[in-house]
Each structure stands twice: as structure tokens, then as C-alpha cells.
Amino acid sequence: MNIIIVEDDALIAYQIESCIKSLGHALLGTFDNAQSALESITDNKPDFAFMDIEINGPIDGIQCATLLKNRFDIPSIFVTSHDGSEIIDEATRLEPLNFLPKPFTDKNIEAAVSLAKIKLGKPPSPQERSVIQLGSYSFNFEHNTLKYKDTLFKLSPKELKLVAMLFKNLGNTLSNEAIQQEIWGDKPVSSAACRKLISRTNENLQGLAIRSSKGVGYYLQEIS
């Protein structure tokens with residue numbers, strides 16, 4: 001699914017961001033105010049927003065969620081530390097997908113996203129399926145193997161990890177930062193090293209291509 005985060009606490013925003021990316025969903029943007037979030041919708045429409053009730057700027061989270069719902073038919077999951085009945089009642093009238101009370105764990109985020117997917121009628125994401133097929137290739141996440149037709153395809157550990165990420169995120173674009181974090185962790189790595197890995201992996205694939213979305217990242221595509 002495509003998701004935005006509207007949250008003025010950087011640590012909380014990062015926690016939600018890390019969790020939804022690990023679940024294989026696409027983050028279209030993180031914003032600390034309503035105006036930036038609303039302006040972003042003209043380029044990419046998310047399936048829903050994680051919406052903090054208290055955000056920066058003159059428009060609060062409930063008002064922002066109202067605009068998202070009325071103008072763009074985009075629902076929200078409210079993120080809040082409020083337990084006052086008046087505020088909760090006001091937010092409930094918008095028929096949100098869920099409430100995520102602070103503080104919360106990654107498991108709470110995962111549960112909220114899973115429920116949102118059910119309410120929105122979304123099919124399982126690639127990461128939630130054990131085997132994903134694209135063209136003559138299939139990736140088995142349980143065994144961490146790539147097959148071309150019926151033949152096991154051999155790649156280096158880093159190449160295999162890159163291909164697994166791309167299969168998990170079919171239909172979405174992976175950012176350079178996400179690729180570097182997944183493959184090298186906190187170890188400093190140059191953009192050139194990342195490009196070299198992508199180029200080398202591309203050379204080893206037949207019938208598939210790792211395409212570049214300029215200024216955004218990379219995605220996997222079947223080629224004839």
C-alpha cells in the first residue's frame with residue numbers, strides 16, 4: 001500500500017516509517033504540517049495517512065484528516081496521546097481506519113496497517129506471500145532463493161538481498177537510502193558502490209531489468 005505520515009515528532013515518524021517499510025509498503029512522504037501533506041497529494045495519492053492529531057501549523061490533524069477525506073477520499077489512522085472523550089468523538093466522526101494511541105510498539109503499527117488493509121479491501125502485499133513470480137522468475141522468501149523457470153539462479157549474497165527487496169516491492173520504487181540500509185546496514189557506503197551492485201545484478205538477470213526512476217530510486221521490471 002501507499003502511505004503518508006503526518007507527524008511532528010521526528011522519532012515517532014521514524015518509528016512508523018521504519019515499520020511500514022519493513023512490511024513492504026511504500027512511504028510517499030513524511031510531513032509535520034497539514035499544508036505540506038495536502039500539497040503532496042497532487043503528485044501521489046496514498047491509500048491512507050497516519051495522522052497525528054496535534055501537528056505543526058494552523059491546521060490540526062483532525063482538520064487535515066477531514067480535508068483528506070472530503071477532497072480526496074483518503075482515510076486516516078489517527079496517532080494520538082489524547083484520551084479526552086471530546087477529541088476522540090470528533091475524530092471518530094470521520095470514520096478513521098483505526099486509532100494508534102501513544103506510546104506504541106512496532107506490533108501495534110503492524111496490526112493497525114493489517115486492519116486498514118482489510119477495511120480498504122487490499123490484496124496481500126508481495127512480502128506477505130512466500131513466493132512471488134515475475135515473468136519466468138520466481139523468488140521464494142521462505143528459502144531465500146531465486147529461480148529462473150525451474151533452475152535455481154545463483155547470485156552473490158548482496159545481489160540476492162537486492163533482488164529479494166525488489167521482488168518484495170513489486171510495483172513500488174525503492175529509494176537509494178532503503179537499499180543501502182538493507183544491504184549495508186549502518187556501515188558507510190558510497191552511492192557509487194550501490195550503483196555498481198545494481199549494475200552487476202542487472203547484468204546477471206535475463207528477462208528482468210532493474211530500472212532507475214530518476215531522483216527516486218529503483219524498481220524491477222519484466223522485459224521481453
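In this predicted model, the buried residues of helix H8 pack against four elements, namely helix H6 (157-168), helix H7 (176-184), strand E11 (208-213) and strand E12 (217-222). The residues concerned are Cys194, Leu197, Ile198 and Thr201. When the helix is viewed down its axis, these buried residues fall within an arc of 95°, so they line one face of H8. The face turned away from that buried side carries Lys196 and Glu203, both of which are exposed. The length of H8 was also examined: the helix comprises 14 residues (191-204), which at 1.5 Å a residue should span 20 Å, and because its end C-alpha atoms lie 20 Å apart, the expected and computed values agree.

Helix H6, one of the elements against which the buried residues of H8 pack, also takes part in a second arrangement, which involves a sheet. Four strands form this open sheet in the order E6-E7-E8-E9, with antiparallel pairing. Strand E6 (131-134) and strand E9 (151-153) are its edge strands, each pairing on one side only, and the twist from one strand to the next averages 30°. H6 packs on the sheet through contacts with E6, E7 and E8, and the direction of H6 makes about 100° with that of E7.

Within this sheet, the pairing can be followed from strand to strand. E6 and E7 are joined in the antiparallel sense over four bridges, with leucine 134 standing opposite tyrosine 137 in E7. The hairpin formed by E6 and E7 has two residues between the strands, and in this hairpin glycine 135 adopts a positive phi near 65°. The two faces of E6 are distinguished by their coverage, since Ile132 and Leu134 belong to a covered face, whereas Val131 and Gln133 belong to an uncovered one. Leucine 134 is thus a residue of the covered face of E6 and also the residue that stands opposite tyrosine 137. On the next pairing, strand E7 (residues 137-140) and strand E8 (residues 145-148) are likewise antiparallel and share four bridges, and here tyrosine 137 stands opposite tyrosine 148 in E8.

A further open sheet contains five strands in the order E2-E1-E3-E4-E5, and its pairing is parallel. The edge strands of this sheet are E2 and strand E5 (98-101), each of which pairs on one side only, and neighbouring strands are turned by 20° against each other on average, direction ignored. Strand E1 (residues 2-6) pairs with E2 in the parallel sense over five bridges, and asparagine 2 stands opposite alanine 26 in E2.

The loop between strand E2 (26-31) and helix H2 (34-40) contains asparagine 33. With a relative accessible area of 17%, asparagine 33 falls under the 20% cut-off and is therefore classed as buried. Its side chain makes a polar contact with the side chain of aspartate 32, at 2.7 Å, and a polar atom of the asparagine 33 side chain lies 2.9 Å from the backbone nitrogen of serine 36. When neighbours within four places in sequence are left aside, asparagine 33 is in contact with Val6, Ile55 and Asn56.

Technical notes: Residues numbered from 1 in each chain as written. Predicted model: local features only at pLDDT ≥ 70, side-chain atom pairs only at ≥ 80, totals over all residues. Heavy atoms only, no water. Expected span 1.5 Å × (residues − 1). Buried < 20%, exposed > 50% of the residue type's maximum accessible area, 1.4 Å probe, protein only. Arc of directions from axis to C-beta. Contact = heavy atoms within 4.5 Å. Pairing = 2+ DSSP bridges. Axes fitted to C-alpha atoms, helices over the stretch in contact; angles between N-to-C directions. Polar contact = N/O pair within 3.5 Å; in protein donor to acceptor, adjacent residues only side chain to side chain.
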